[in-house]
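Reader: I would like to go through some of the labels used for this model and hear what each one rests on. Please set each value against its cut-off.

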Amino acid sequence: MTLHNAATSTDQLVELDKQHFTHPWTVFDVFAEQGALPIASAEGCYITDSHGKRYLDAVGGLWCTNIGLGRSEMADAIAEQCRTMAFANPFVDMTNIPATQLAAKLAGLAPGDLNHVIFTCGGSTAVDSAYRLIQYYQNCRGKPEKKHILSRKNSYHGSTYLSMSIGGKAGDHPPEFDFITDFIHHLSCPNYYRAPAGLSEAEYLQQLLDEMESTILTIGPDRVAAFFAEPILGAGGVIVPPEGYHQASWALCKKYDILYVSDEVVTSFGRLGHWFASWDRFGIKPDIITTAKGLTSGYQPLGACIYSDRIHQVISEPGHGRCFAHGFTYSGHPIACAAALKNIDIIEREQLLQRVQQIGPYFQQQMRTLEDLPIVGQVRGMQLMVCVENVRDKVSKALFPEELDIGKRISDHAEALGLIVRPIVHLNVMSPPLTITKEQVDTIVRTLRQAIERTIVDLQAEGHLPASQQQKRA
Ligand code: PLP
């Protein structure tokens with residue numbers, strides 16, 4: 001066995017990492033060969049590897065470093081709470097000041113009557129907690145049959161057994177894993193770019209809503225408990241549903257007494273220029289919101305499931321002696337909650353929501369200039385969430401073979417040029433810190449263009465681009 005303190009050089013570190021750290025989404029064959037890029041430090045929108053090379057991190061960690069990294073104020077708040085009281089038992093006999101303050105703060109920021117908070121360790125456990133809450137609620141109100149879930153293909157809701165089963169990304173459901181299939185139903189992904197040819201956006205929207213309603217009627221409205229939906233499907237490729245989709249699907253939920261769970265793990269805490277996007281951007285008041293990531297800007301692991309008075313009244317109705325037997329050792333962890341409070345304080349003080357509303361449209365507009373490149377089929381997104389969809393043929397929208405791993409080829413070139421963009425099969429997604437400047441946006445766009453151009457040259461040399469595109473570039 002190798003001791004970790006033996007890792008004095010970067011090469012040794014990479015070797016130790018290969019031997020001992022099973023990373024999320026490890027592709028074993030590739031990892032065994034290439035290992036991972038060791039990151040040593042971070043400041044603002046930049047990260048530095050252990051060779052000292054600096055990168056502009058356009059991914060914002062993993063959709064999460066909203067206020068930017070390396071803030072002394074955050075370090076101080078965390079250290080202070082660590083010294084004062086690093087832990088307190090959250091089970092019901094005790095509470096702690098940061099957790100109580102944060103719960104009240106979230107109730108104030110969340111829309112409608114979402115006044116109750118279940119703290120979790122991250123986004124996946126927030127989604128899991130939402131479903132446990134839903135089961136409890138339906139049983140309490142005498143509807144034990146009402147347990148089925150609707151979600152969407154291409155959605156991502158986390159990596160526990162339940163949250164991964166609710167998610168609908170084909171690539172996340174490899175045959176080696178098992179998934180819950182008996183009560184989870186995946187509706188179509190609301191992606192107009194991939195809609196059947198010839199449909200107007202309004203016709204496509206109607207098709208999606210008809211599918212949702214007929215699925216509810218087929219399962220039986222008395223058996224459908226909840227609809228889980230990201231306002232914008234993030235990891236599925238920053239898919240912004242057609243205009244009107246959110247409100248119309250919310251209306252269907254209300255019509256059939258189905259709880260609407262808005263998974264705002266990515267879209268909250270400023271990513272779209274609001275604390276929560278559900279009401280402020282999309283005009284819906286969900287029954288439950290799940291959040292994580294930007295809640296602490298990645299400085300501490302924390303998630304929350306925020307739910308309505310209506311649900312709370314049912315589950316806490318006096319006289320039943322009910323116990324809500326759910327929670328974790330680290331529910332409402334004082335250090336994580338102190339970090340979230342300081343993070344919210346910084347977002348308020350620096351007016352970062354307003355800042356996103358100013359810089360977001362510029363980011364979108366500049367990113368869309370990449371659509372003139374021969375393999376960029378579409379650039380889409382909203383405010384500080386963006387996706388570049390790479391295609392082999394812009395007219396037919398046909399993709400390159402998956403094994404060519406176009407997104408990864410582009411991100412590798414970008415990385416060599418000092419830019420981090422996240423590859424997801426044929427896509428590249430970005431979600432920079434809310435503090436991103438115009439100059440940094442320009443650098444992202446310029447560098448990504450160069451990375452895509454280099455990839456095109458490689459594809460041409462390997463004979464993977466059709467002749468017409470080769471001629472276009474000749
Ligand atoms: N929900 C959404 C919409 C997400 O994007 C993610 C993570 O990317 C999760 C849930 C899971 O969050 P975590 O990785 O913190 O468990």
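Author: Gln351 comes after helix H12 and has a positive phi, near 50°. The model is a predicted one, and H12 covers residues 334–349.

Reader: How do you know that the length of H12 agrees with its number of residues?

Author: H12 has 16 residues, and at 1.5 Å a residue the expected span is 22 Å. The C-alpha atoms at its ends are 22 Å apart, so the two values agree.

Reader: Why is H12 called largely enclosed by the rest of the structure?

Author: A residue is buried if 20 or more other C-beta atoms lie within 10 Å of its own. In H12, 12 of the 16 residues are buried, and the helix is therefore described as largely enclosed. Among them are Pro334, Ile335, Ala336 and Cys337, and also Lys342 and Asn343.

Reader: What do the buried residues of H12 pack against?

Author: They pack against helix H4 (72–84), helix H5 (97–109) and helix H13 (352–368).

Reader: Why are H5 and H12 called oblique to each other?

Author: Their axes are 8 Å apart and make an angle of about 45°. Angles under 35 degrees count as roughly parallel, and roughly perpendicular runs from 65 to 115. The angle of about 45° falls in neither range, so H5 and H12 are oblique. Their crossing is left-handed. On the H5 side the contact is made by Pro98, Ala99, Gln101, Leu102 and Lys105, and on the H12 side by Pro334, Cys337, Ala338, Ala340, Leu341 and Ile344.

Reader: What classes of residue make the contact of H5 with H12?

Author: Nine are nonpolar, one is polar and one is charged. Lys counts as charged, and Gln is among the others, which count as polar.

Reader: What makes H14 oblique to H15?

Author: The axes of helix H14 (residues 406–416) and helix H15 (residues 438–461) come within 8 Å and cross at roughly 125°. Roughly perpendicular ends at 115 and roughly antiparallel means over 145, so H14 is oblique to H15. The crossing of H14 and H15 is right-handed.

Reader: Which residues meet where H14 and H15 cross?

Author: From H14 they are Ile406, Arg409, Ile410, His413 and Ala414; from H15 they are Thr447, Leu448, Ala451, Ile452, Arg454, Thr455 and Asp458. By class, six are nonpolar, three polar and three charged.

Reader: Which residues of H14 are buried, and what do they pack against?

Author: Ile406, Gly407, Arg409, Ile410, Ser411, His413 and Ala414 are buried. Besides H15, the buried residues of H14 pack against strands E12 (385–390), E13 (419–420), E14 (422–424) and E15 (427–430). Gly418 follows H14, with a positive phi near 90°.

Reader: How do you know that Gln378 is buried?

Author: Gln378 has 21 C-beta neighbours inside 10 Å. The cut-off is 20 or more, so Gln378 counts as buried. Gln378 is in strand E11 (residues 376–382). Leaving aside neighbours within four places in sequence, Gln378 is in contact with Tyr193 and Glu389. Gln378 and Glu389 are 11 residues apart in sequence, and their C-alpha atoms are 5.3 Å apart.

Reader: Why is Thr48 called partly exposed?

Author: Thr48 has 14 C-beta neighbours inside 10 Å. Exposed needs 12 or fewer and buried needs 20 or more, so with 14 Thr48 counts as partly exposed. Thr48 lies in strand E2 (residues 46–49). Not counting residues up to four places away in sequence, Thr48 touches Ala40, Ser41, Ala42, Lys53 and Arg54.

Definitions and conventions:
Residues numbered from 1 in each chain as written. Predicted model: local features only at pLDDT ≥ 70, side-chain atom pairs only at ≥ 80, totals over all residues. Axes fitted to C-alpha atoms, helices over the stretch in contact; angles between N-to-C directions. Helix = DSSP H or I, 4+ residues; strand = E, 2+ residues; numbered from the N terminus. Left-handed = near helix turned anticlockwise from the far one by under 90°. Contact = placed C-beta atoms within 7 Å. Expected span 1.5 Å × (residues − 1).
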